[in-house]
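Welcome to the tour. Open the model in your viewer, keep the selection tool handy, and follow the stops below.

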Amino acid sequence: MEDFKSLVEKSFSCNIKDLRTESPLTLAYIGDAVYDLIVRTVVVERANRSPKELHKSAVKYVNAATQARMIEALEADLTEDETAVFHRGRNAKSGTSAKNASIVDYRKATGFEAVIGYLYLQGDMERAVFLIKKALEMIELEL
């Protein structure tokens, strides 16, 4: 069975890029979607509820404050490459800011999302899911 990323690449004739030169904000952009999809998948699989209730469940995980806590808990466990991606994402100057978060949390969350995006584009979803699960356990938040 073909993995999701490979299927998309093959179906849409996407080119594999050198992730070391990819913008950290691009990595965060895709990482945000991947992280959101993981959270939504777990929330949906756990209970058959209305979309409103599903959204309320997911929001406590998909926000800058939670993501900042997650990356703080994980930082010592990141590989050298993951750490470099996190720092690039955290330090990137975006044209936007979070509505309900401090700038520090927003930047850390951007770094976290960049790491998840990097892992997804590397084709290492096993590592991405492992890090997300470990971080949630470390901050004592069950998904």
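Which helix holds both Glu9 and Lys5, and how many residues apart are they? Select helix 1 (residues 4–12): Glu9 and Lys5 both lie there, four residues apart, or about one turn of the helix. Helices here are DSSP runs of H or I with at least four residues, numbered from the N terminus.

Before zooming in, note that this is a predicted model, where local features need pLDDT of at least 70, side-chain atom pairs count only at pLDDT 80 or more, and totals for chains, interfaces and linings use all residues. Residues are numbered from 1 along each chain as its sequence is written, and side-chain values use heavy atoms, with hydrogens and water left out.

Now show the side chains of the pair. Glu9 forms a salt bridge with Lys5, with the closest N and O atoms 2.5 Å apart. A salt bridge is a side-chain nitrogen of Lys or Arg within 4 Å of a carboxyl oxygen of Asp or Glu, and the count by this rule comes to eight.

Next, select helix 2 (residues 24–46) and helix 7 (residues 125–138). Their axes, lines fitted to C-alpha atoms over the stretch in contact, are 11 Å apart and meet at an angle of about 65°. Angles run from 0 to 180 degrees between N-to-C directions. Helix 2 is therefore roughly perpendicular to helix 7, a term covering 65 to 115 degrees. Color the contact residues (heavy atoms within 4.5 Å): Val34, Tyr35 and Ile38 of helix 2 with Met125, Val129 and Ile132 of helix 7. By class, these are six nonpolar, no polar and no charged; Ala, Val, Leu, Ile, Met, Phe, Trp, Tyr, Cys and Pro count as nonpolar, Asp, Glu, Lys and Arg as charged, and the others, Gly among them, as polar.

Keep helix 2 and add helix 6 (residues 103–122). Helix 2 and helix 6 pack at about 80°, with axes 6 Å apart, which makes them roughly perpendicular. Among the contact residues are Leu27, Ile30 and Val34 of helix 2 and Phe112, Ile116 and Tyr120 of helix 6. This contact divides into 13 nonpolar, three polar and two charged residues.

For the last stop, bring in helix 5 (residues 80–91), which packs against helix 6 at about 135°, with axes 7 Å apart. The two are therefore oblique, the class for angles outside the parallel (under 35), antiparallel (over 145) and perpendicular ranges. Finally, click Gly123, just after helix 6, which takes a positive phi of about 85°.
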